[in-house]
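Please look through the sequence and the structure shown here before reading on. The paragraphs below are meant to be followed with the model open beside them.

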Amino acid sequence: DSLYPLDSTSKFTRLDNIGGYAALFVSGLRPVLVLVGPKRWARVHPLRLPARLASALQPADAQAGFDAEAVGLATGGRPLVGMARFHAAACAHGVVALTQGGALVVATLATSAQAARGGVEFDAAWPVRSIPAGTAHGGVGALGGVAFHARSGCYALAAAGVARFGIREPHPDVADRQARETAEAEQRPPPRPGMVIPEHERAPLATTSAAPRVPRFSVDLLSPSTWETIDSHALEPDEHIAVMRVVELECAQAAGDSKPLLCVGTGFVLGEDVQTRGKVYVFDVIDVVPLPGRPATNRRLKLLYSEEVHGVVSALTELRGCLAMSVGSKVFVRSFAGGEALVSFAFLDCQCWVRSLAALRSFLLVGDLRRGLWLVGFQEHGPARLLVL
C-alpha cells in the first residue's frame, strides 16, 4: 500500500541552512541526513529510526496530540523518500518531507538555539540535548552523578547546593576563649572620637570575615517529562555522595525475582584528624497521588534502608541479585532478600583502596587505586566467598 515505492539507488539532495546547518539528504533504503555545523565535521544521522526522527524533526504547527507514527514520520516501515528546503514565517529554515505513505510534512530542526523547547546540538559525535536539571542547583559541584530508574522512567541526581562552612564542635578551650573575648568586648567602653584602637581589640569587619562555602548534597528525583525536581532527600552536613547506582536486588517487596533499587554510597569529609566514615542508602521509587495541577509529581523516593559504616562507600554494583559494595580496601557482598536490612555474607580484603566494581554473572572485576585490576570469582553455593582468580 505504498504510494511512493523506494528506489534501491541513493539520491542526493542538497539543503542549505537547515536550522543553521549545511545539510545533505540521502534517500534510498536507509535514508540519512548529513549535517555540517561550525566545527566543519560531517555528522550522519539515520532517518529511519523512530526515536531519532521523532526527536529531531517536529512539525512546525504540531499540536499536543500530533501522532508522528500515523503520518509515517516515525516508523521504520514508512521512511522518507524525499526532502526539500522550506522557509516561511511560521517555519524558518525548515524542510518539507515526503513519507513513503504519501504524507507531506513541514518540519524544523530542533537546534540548540531552541534549548528551552528541547533543542538538540547536532554538531557533536552524538546528538546532545542540554536540559537545565532540577529547580535550584548551582554552586560548588552542582551535579555529582546521575542514575536512570528504568521502571519509573525517572532520573536520580546527586545534587549539591551551597551552604556556609562552620565548625560544628569546637574544642572546649577554643569555645571558652571565644566566650571570654566576647564578654570583654561587651564590657569595654565605646571608643572616643579619634581614639586609636589596638588591632587585636578591633571588631571583625563583615567584608573581611566572609565564611567559606561548602557543598550540601542531596538525592533528587527528576521527572522525565518536565525535568523538574519532584522529590529530594537531604543528606547530613559534610556528607558527600561518592557513588550512585540503580541495581537489581532480590527483595521481599518484589513481585518477581528482583527489583530495581537506587543505592547510594557516601562519605563524610571532616578533616584529617577525624576518622572517615560513610553511609549506604537503599531507595525505591514508588507511585503516589500527584499534586493538583502537577501530574509529573506522581513519583517519590522511599528510603528502605540506611546504615553507617567505618569508611567511604566508594563503589557499588549488582552481583547475582546481591549488592557488592566497597568500603576502603574491603569488598562486601550483601543480601537484601529480607527487604529490611543488608546482610553481609562474603567479603574480600584488597590492598589499598577499591575505586570501582564491575560484575559479569558470577565474576567481579575489582579496580584498586594502586594495585590495578583484580578478577574475583563469587562462590554462591556452599560457603559463600570471594576468590581471587
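What follows is a walk through two of the sheets, a nonpolar core and some of the salt bridges.

The structure is a predicted model, and the values given here were computed from its atoms. A convenient place to begin is the sheet that lies early in the sequence, where four strands are arranged in the order E1-E2-E3-E4, forming an open sheet with antiparallel pairing. The edge positions are taken by strand E1 (12–18) and strand E4 (42–46), and because each of these has a single partner strand, one side of each is left without a neighbour in the sheet. From one strand to the next, the twist averages 20°. Within this sheet, E1 is joined to strand E2 (residues 21–26) by five bridges, the two strands running antiparallel, and Phe 12 can be found opposite Val 26 in E2.

The range of E1 also takes in two charged residues, for the side chains of Asp 16 and Arg 14 meet in a salt bridge with an N to O distance of 3.1 Å. Are these two partners buried or exposed? Asp 16 is partly exposed, with a relative accessible area of 39%, whereas Arg 14, at 67% relative accessibility, counts as exposed.

This pair is one of nine salt bridges in the count for the model, and two others bring together residues that are well separated along the chain in numbering. Arg 294 and Glu 228 meet through their side chains in a salt bridge of 3.1 Å, N to O. Arg 294 belongs to the loop between strand E15 (278–287) and strand E16 (299–309), while Glu 228 belongs to the loop between strand E11 (213–222) and strand E12 (229–234), so the salt bridge ties together parts that are 66 residues apart in sequence. Both ends of this pair are partly exposed, Arg 294 at 33% relative accessibility and Glu 228 at 21%.

The salt bridge between Asp 284 and Lys 259 has its closest N and O atoms 2.6 Å apart. Here the partners sit in strands, Asp 284 in strand E15 and Lys 259 in strand E14 (residues 259–268), and the pair therefore ties together parts that are 25 residues apart in sequence. Asp 284 counts as buried at 5% relative accessibility, and Lys 259 likewise counts as buried, at 14%.

Strands E14 and E15 appear again in the nonpolar core. As a general point, nonpolar side chains tend to be buried together in soluble globular proteins. In this model the largest nonpolar core has 18 residues, and the members that touch the most others are Val 219, Ile 241, Met 244, Leu 262, Val 264, Phe 283 and Leu 301. Two or more residues come from each of strand E10 (154–164), E11, strand E13 (239–249), E14 and E15, and the largest share, four residues, is supplied by E10.

Leu 301 gives a more detailed view of these surroundings. Setting aside residues up to four places away in sequence, Leu 301 touches Val 219, Leu 221, Asp 231, Leu 262, Phe 283, Asp 284 and Val 285, a list that includes Asp 284, the partner of Lys 259 in the salt bridge described above. Val 285 is also touched by Ser 152, which is in contact with Val 285 and Arg 299 once its neighbours within four places in sequence are left aside. Ser 152 is placed in the loop between strand E9 (143–149) and E10, and at 13% relative accessibility it counts as buried.

The walk ends with another open sheet, in which four strands pair in the antiparallel sense and follow the order E17-E18-E19-E20. Strand E17 (313–319) and strand E20 (343–349) each have a single partner strand and stand at the edges, so one side of each is left without a neighbour in the sheet. The twist in this sheet averages 20° from one strand to the next.

Going across the sheet in order, six bridges connect E17 to strand E18 (residues 322–327) in an antiparallel arrangement, with Leu 319 opposite Cys 322 in E18. Five bridges then pair E18 with strand E19 (residues 330–335), again in the antiparallel sense, and Ser 326 has Val 331 in E19 as its bridge partner. These two strands form a hairpin with two residues between them, and in the turn Gly 328 has a positive phi of about 70°. Finally, E19 and E20 run antiparallel and are joined by six bridges, among whose residues Arg 334 has Ser 344 in E20 as its bridge partner.

Technical notes:
Residues are numbered from 1 along each chain as its sequence is written. This is a predicted model: local features need pLDDT of at least 70, side-chain atom pairs count only at pLDDT 80 or more; totals for chains, interfaces and linings use all residues. Side-chain values use heavy atoms; hydrogens and water are left out. Two strands pair if DSSP finds at least two bridges between them. Axes are lines fitted to C-alpha atoms, for helices over the stretch in contact, and angles run from 0 to 180 degrees between N-to-C directions. A salt bridge is a side-chain nitrogen of Lys or Arg within 4 Å of a carboxyl oxygen of Asp or Glu. Buried means under 20% relative accessible area, exposed over 50%, partly exposed in between (1.4 Å probe, protein chains only). A nonpolar core is a set of buried Ala, Val, Leu, Ile, Met, Phe, Trp, Tyr and Cys residues joined through side-chain atoms within 4.5 Å. Contact means heavy atoms within 4.5 Å.
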